[in-house]
Structures are given as structure tokens and as C-alpha cells.
Amino acid sequence: MTITITLRELLNSKGLTQKQLSQMTGIRAAAISNLCRGYVDRVCIEHLEKIASALDIRDIRDLIRLEAVA
């Protein structure tokens, strides 16, 4: 199984930049960038909560995708 964070796609669909999300959430721009590029080994639950709130996400599956690897 592979876990993918779909933050880049969400930001694109909402017309927001990483910098704007950083300002909206108080999360460091570098942390947002790493999430968008998938350069994370672990994710801070507090960051997910702040991002979900800022982007009005009601279902975590809109932010994280679990996929089977062939």
C-alpha cells in the first residue's frame, strides 16, 4: 500500500498557493512544501487539522489517499 498526500492537487483546485496556505494555517512554508512534494516520513496531526480547517475539508480522504501498489 502507498499513502499519498494530495495537498498539491487541493491547492491547485482551490486556486491557492503554498505561501497562502502557510499564512492561513501558521504552518512553516517549508513544511507545506514538503507535504506538497511528498517529502515526508511522518505527518503531524496538528498540521492536518489546520490544513483541513483552512481548506474546509470534511473528509480526510480528500487530503490523504491510500492506494494498492501493483
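This briefing covers one helix pair, the cysteines and two backbone positions with positive phi. The model is predicted. Helix 2 spans residues 18-25 and helix 3 spans residues 29-37. Their axes come within 9 Å. A search of the whole structure finds zero disulfides.

**Helix 2 against helix 3**

- Two packed helices are described by the angle between their axes and the distance between the axes.
- For helix 2 and helix 3, the crossing angle is roughly 125° and the axes approach to within 9 Å.
- The two helices are therefore oblique to each other.
- The crossing of helix 2 past helix 3 is right-handed.
- On the helix 2 side, the contact residues are Gln18, Leu21, Ser22 and Thr25.
- They meet Ala29, Ile32, Ser33 and Cys36 of helix 3.
- By type, the residues of this contact divide into four nonpolar, four polar and no charged.
- An α-helix has 3.6 residues a turn, so residues three or four places apart point the same way.

**Burial of helix 3**

- Ala31, Ile32, Ser33, Leu35 and Cys36 are buried in helix 3.
- Ile32, Ser33 and Cys36 are also among the helix 3 residues that meet helix 2.
- The cover over the buried residues of helix 3 includes strand 1 (2-5), helix 1 (7-14), helix 2 and helix 4 (45-54).

**Cysteines**

- Why is there no bond between the sulfurs of cysteine 36 and cysteine 44? The sulfur of cysteine 36 is 16 Å from that of cysteine 44, its closest cysteine sulfur, and this is too far for a bond.
- A disulfide here requires two cysteine sulfur atoms within 2.5 Å.
- Cysteine 44 is likewise in no disulfide, with the sulfur of cysteine 36 as its nearest cysteine sulfur.
- Cysteine 36 is buried, at a relative accessible area of 7%.
- Cysteine 44 is partly exposed, at 34% relative accessible area.

**Positive phi**

- Glycine 38 sits just after helix 3 and takes a positive phi of about 80°.
- Aspartate 56 has a phi near 55°, a positive value in a residue other than glycine.
- Where is aspartate 56 found? Aspartate 56 lies in the loop between helix 4 and strand 2 (64-67).
- Aspartate 56 is partly exposed, with a relative accessible area of 49%.
- The cut-off for exposed is over 50%, so a value of 49% counts as partly exposed.

Notes
Residues are numbered from 1 along each chain as its sequence is written. This is a predicted model: local features need pLDDT of at least 70, side-chain atom pairs count only at pLDDT 80 or more; totals for chains, interfaces and linings use all residues. Side-chain values use heavy atoms; hydrogens and water are left out. Axes are lines fitted to C-alpha atoms, for helices over the stretch in contact, and angles run from 0 to 180 degrees between N-to-C directions. Helices (H or I, at least four residues) and strands (E, at least two) are DSSP runs, numbered from the N terminus. Angles under 35 degrees count as roughly parallel, over 145 as roughly antiparallel, 65 to 115 as roughly perpendicular and the rest as oblique. A crossing is left-handed if the near helix is turned anticlockwise from the far one by less than a right angle, and right-handed if clockwise. Contact means heavy atoms within 4.5 Å. Ala, Val, Leu, Ile, Met, Phe, Trp, Tyr, Cys and Pro count as nonpolar, Asp, Glu, Lys and Arg as charged, and the others, Gly among them, as polar. Buried means under 20% relative accessible area, exposed over 50%, partly exposed in between (1.4 Å probe, protein chains only).
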